[in-house]
Amino acid sequence: MGPQEPRTDPRDELAARLRGLQEVSGHGVRALAREVGLSSSSLSRYLGGQTVPPWPSVLALCKFVRRDPRPLRPLWERASSPLPAPPRSSRQVSPPAPPPDAPRPPRNDLPRDVPDFTGRDGQLASVLDAVENSRVVAVDGMAGVGKTCLAVHAAHRLADTYPDAQLYLDLHGFTDGREPLGADPALRALLAALDVPSERIPQQGGIEPLAAVWRAELAHRRAVIVLDNAADAEQVRPLLPGAGSSVALITSRNRLLGLDEVPPVSLDVLTPEESAELLARASGDGGGPESRLGRDPDSTAEVLRLCGQLPLALRLAAARLRHRPGWTVGILVERMAEGASEFDTAFAMSVRQLDHATGRLFRLLGLLPGETFDPYVAGALADVAPRTAREMLEDLLDAHLVQERAPGRYRLHDLVHQHARRACAEQDAEAVRDKALGRVLDYYVHTAAAADAAMPFHAGTRAPSAGAPPAALPRFADKRAALFWYVTEYTNLMAAFEAAVAAGADRHVCELPRFMRTYFARRCGTTHLNFLFERSLDAARRLGDPWQLAEAHSDLGFARYNAGRMAEADAAYASALPLVAETGDTRSQAELAMRRGYLKWDEGQVERPLELFRLSGSLYEEAGCPSGAAHAKAYEAWALLQLGHGDEAARLAREALAVPHTDPAWPPALTARITLGVALAPEAPKEAVEHLRRALELSREDGHRHNEAWCLNCLGVALRRMGRYEEALASHREAFALLDALFEDHWKIHFLDDYAETCRLAGLTTQALQLHRDALELAPRVGNRHAEALAHEGLASVLEATDPAAAERHREAGRGIRGELQGVG
């Protein structure tokens with residue numbers, strides 16, 4: 001048996017005393033539960049320390065085994081006292097999102113440590129020594145040998161030393177039916193777990209910039225990360241910590257020979273003595289001469305042989321013995337011998353003890369495309385209510401056929417998942433499997449649509465048409481709850497998308513990415529978004545649905561635009577334009593006009609974007625969408641401001657700001673406040689600063705760093721117009737520091753001219769020249785001719801006094817670009 005941690009938690013001590021009462025009773029969990037009037041799942045949680053039982057339940061247990069309950073009362077009272085940490089298990093379907101003003105606790109994704117950790121003394125010591133000396137260790141061994149159990153146990157031992165975060169990520173190196181998790185989604189999932197804002201996560205450039213951010217985040221933290229089920233060294237290399245104190249524990253079925261600097265710890269099967277001890281502890285049998293195991297040593301030895309001395313198979317066999325007090329060990333051997341292998345015998349035998357509905361759910365769980373699941377997904381899969389699914393999942397948890405990663409979040413071990421898939425293929429008709437998978441895809445599309453509706457950004461998104469809405473969906477009180485769901489379900493959503501592609505579910509392929517656009521804008525890279533919408537366009541072509549095809553072209557254009565691929569965005573919008581007109585869908589026409597306005601603005605045109613924003617506003621009004629009309633009006637005001645029409649811009653901005661909305665940080669309100677702040681700066685400086693500081697405050701509360709940088713830059717412009725140059729320069733510098741931290745150099749093209757002009761007026765001529773030259777170099781790369789003209793004009797202004805000839809050359813170049821833009825416009 002491995003070294004035990006000191007019991008500082010009275011709940012653990014109480015659970016140990018209750019397990020002692022169970023051993024005295026000589027009953028398994030379910031038999032004892034029947035005798036004392038409890039449910040077996042409740043008693044399991046009491047014995048496992050997951051829940052503190054009510055005092056009457058403790059009395060009932062003591063009365064049954066004829067023990068005095070009074071010595072347990074002080075311990076029970078201490079265990080019942082409120083603790084700062086949340087309970088380790090909960091029956092609630094989905095944990096509520098924390099209030100926005102609550103401090104975030106350190107992230108802990110570790111699975112629960114097993115209470116019957118057995119053996120592995122030398123291997124555990126090797127893991128802890130390797131962590132202390134090398135900060136990274138790789139645990140390898142065959143399937144089911146206990147690699148994850150050892151790594152998780154060690155991580156729990158290390159949690160106090162590494163208090164900033166305890167992370168767990170399944171890399172799916174050997175998951176049946178799934179490709180190993182790539183470095184890009186793995187790094188994004190880890191960064192999201194650390195709550196790193198998307199604006200600090202590189203959107204382009206490949207794996208190395210992402211890995212650099214990950215290493216930088218770990219450098220100032222003391223975190224322990226478990227990277228489970230790695231396929232090979234190359235998969236895990238970008239995920240390793242760099243400088244700093246954080247540590248990583250890797251598990252793999254293969255020796256990771258490519259990680260020369262990482263010490264390996266290899267696991268073999270348990271020794272016969274350790275296997276016997278684990279079987280005794282996990283079954284609650286005790287293992288003494290008078291126990292079931294002790295009375296039939298030959299059958300006990302056969303159980304160990306059939307389980308291959310593998311911890312996972314032993315625990316599954318022990319669970320059957322624990323919950324069947326009437327069985328002898330010989331009966332257990334007979335049931336196990338009916339299977340084909342030590343894994344399948346244990347799994348199949350466990351499944352046969354389930355009732356029909358729970359056994360059916362278990363088989364269907366093998367079809368799930370994602371990594372983890374909750375009772376809503378399980379309910380959709382089995383076509384039952386989430387409450388019913390939750391009760392069945394609790395029975396599967398008791399049987400060690402599912403694992404509870406976090407309260408209300410479940411997963412299947414790889415080997416169990418393989419068995420469930422095989423059993424489903426053998427026992428359930430193809431039509432049944434197809435319908436079950438279809439219900440899961442329906443669930444993800446419709447839940448993503450509900451979450452998207454709680455994160456108001458894209459006005460006028462249509463309701464999903466793919467499949468049928470499930471009987472029950474999670475409720476999203478606000479955008480924070482919706483974002484919490486997206487972060488939790490991200491890898492599952494991507495797996496569901498791939499499953500829809502493989503199944504030919506083209507309508508789901510079209511619609512699922514559409515309801516994730518807002519989330520992608522905050523948390524994910526544009527490269528992946530482009531990939532999804534490319535597949536959506538292919539699906540729309542196969543469907544032949546004019547509206548889906550029009551939206552797919554428009555969505556792909558918007559993805560191209562966000563990736564800085566302006567020519568491709570323009571081509572996609574050109575393809576969408578006649579198709580959207582053909583559908584007659586006014587909201588789709590309005591959204592496409594807005595998107596084309598953004599593109600034309602970034603291309604350097606001015607008049608054409610203004611026309612498109614006005615067109616979008618009239619179309620939104622025609623469609624009865626006031627929020628969309630407000631969005632268009634706010635951008636119309638911004639465009640007018642850039643053209644020098646300050647009074648008209650302020651009037652329209654006030655109208656947009658007056659449109660009621662539950663989210664004060666929604667884009668029209670921010671755009672309107674920024675426009676007002678810049679427009680009012682000369683005549684009403686106090687009001688101008690109030691609007692801009694309020695916009696900045698809302699952007700920070702919202703966690704949208706791009707908007708924060710925009711607000712800071714515009715605050716600098718307003719302060720410059722008031723003659724407050726030092727404050728203006730400080731605001732510009734803060735904006736540029738943000739962009740540097742976000743790896744968003746291309747965004748600087750929108751701010752360089754403003755910053756340079758402030759420097760010129762503040763007497764910082766050299767810095768102004770450099771900023772204009774930076775703009776002149778950057779503008780052609782991002783395709784912004786308007787910014788290129790501004791850079792020439794700015795250089796002419798700065799050079800006028802010292803080099804008139806050079807100033808004239810720049811002035812002439814600027815005039816030439818203006819002429820070209822007028823011709824295009």
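How much surface does the protein expose, and what share of it do carbon and sulfur atoms supply? The exposed area is about 33500 Å², and carbon and sulfur atoms supply 51% of it. The model behind every view below is predicted.

**Figure 1. Overall fold of the protein, with 39 helices and 8 strands.** The radius of gyration is 31 Å, close to the 28 Å that the globule rule gives for 825 residues, so the protein is as compact as a globular protein of that length. Along the principal axes, the C-alpha trace spans about 105 × 55 × 50 Å. Of the 825 residues, 57% count as buried. Among contacts with a separation of 6 or more, 69% are between residues 24 or more positions apart. Positive side chains number 95 and negative side chains 111, and the centres of the two sets lie 4 Å apart.

**Figure 2. The largest nonpolar core, with 85 residues.** Tyr561, Trp638, Ile674, Cys714 and Ile749 are the members that touch the most others in this core. Helix H34, which runs over residues 705–721, provides the largest share of the core, 9 residues. A second, separate core holds 73 residues, including Leu312, Leu397, Phe520 and Leu529. In soluble globular proteins, nonpolar side chains tend to be buried together.

**Figure 3. Surroundings of Trp638, a member of the largest nonpolar core.** With residues up to four places away in sequence set aside, Trp638 touches Trp601, Thr671, Ile674, Thr675, Trp710 and Cys714. Two of these partners, Ile674 and Cys714, are also listed with Trp638 among the core residues that touch the most other members.

**Figure 4. Glu708 in helix H34.** Glu708 has a relative accessible area of 8% and is therefore buried, the cut-off being under 20%. Its contacts, leaving aside neighbours within four places in sequence, are Leu696, Ser699, Arg700 and Leu738. The helix that holds Glu708 is also the one that gives the largest nonpolar core its largest share of residues.

**Figure 5. Ala31 in helix H2, and Arg322.** Helix H2 covers residues 29–36, and Ala31 is found in it. At a relative accessible area of 6%, Ala31 is buried. What separates Ala31 and Arg322 in sequence and in space? The two residues are 291 residues apart in sequence, while their C-alpha atoms are 9.2 Å apart in space.

Technical notes. Residues are numbered from 1 along each chain as its sequence is written. This is a predicted model: local features need pLDDT of at least 70, side-chain atom pairs count only at pLDDT 80 or more; totals for chains, interfaces and linings use all residues. Side-chain values use heavy atoms; hydrogens and water are left out. Helices (H or I, at least four residues) and strands (E, at least two) are DSSP runs, numbered from the N terminus. The radius of gyration is taken over C-alpha atoms; the globule rule is 2.2 Å times the number of residues to the power 0.38. Buried means under 20% relative accessible area, exposed over 50%, partly exposed in between (1.4 Å probe, protein chains only). Contact means heavy atoms within 4.5 Å. Accessible areas come from the Shrake-Rupley method with a 1.4 Å probe; for residues, only the protein chains shown count as cover. Lys and Arg count as positive and Asp and Glu as negative; His and the chain ends are not counted. The place of a charge is taken as NZ of Lys, CZ of Arg, CG of Asp or CD of Glu. A nonpolar core is a set of buried Ala, Val, Leu, Ile, Met, Phe, Trp, Tyr and Cys residues joined through side-chain atoms within 4.5 Å.
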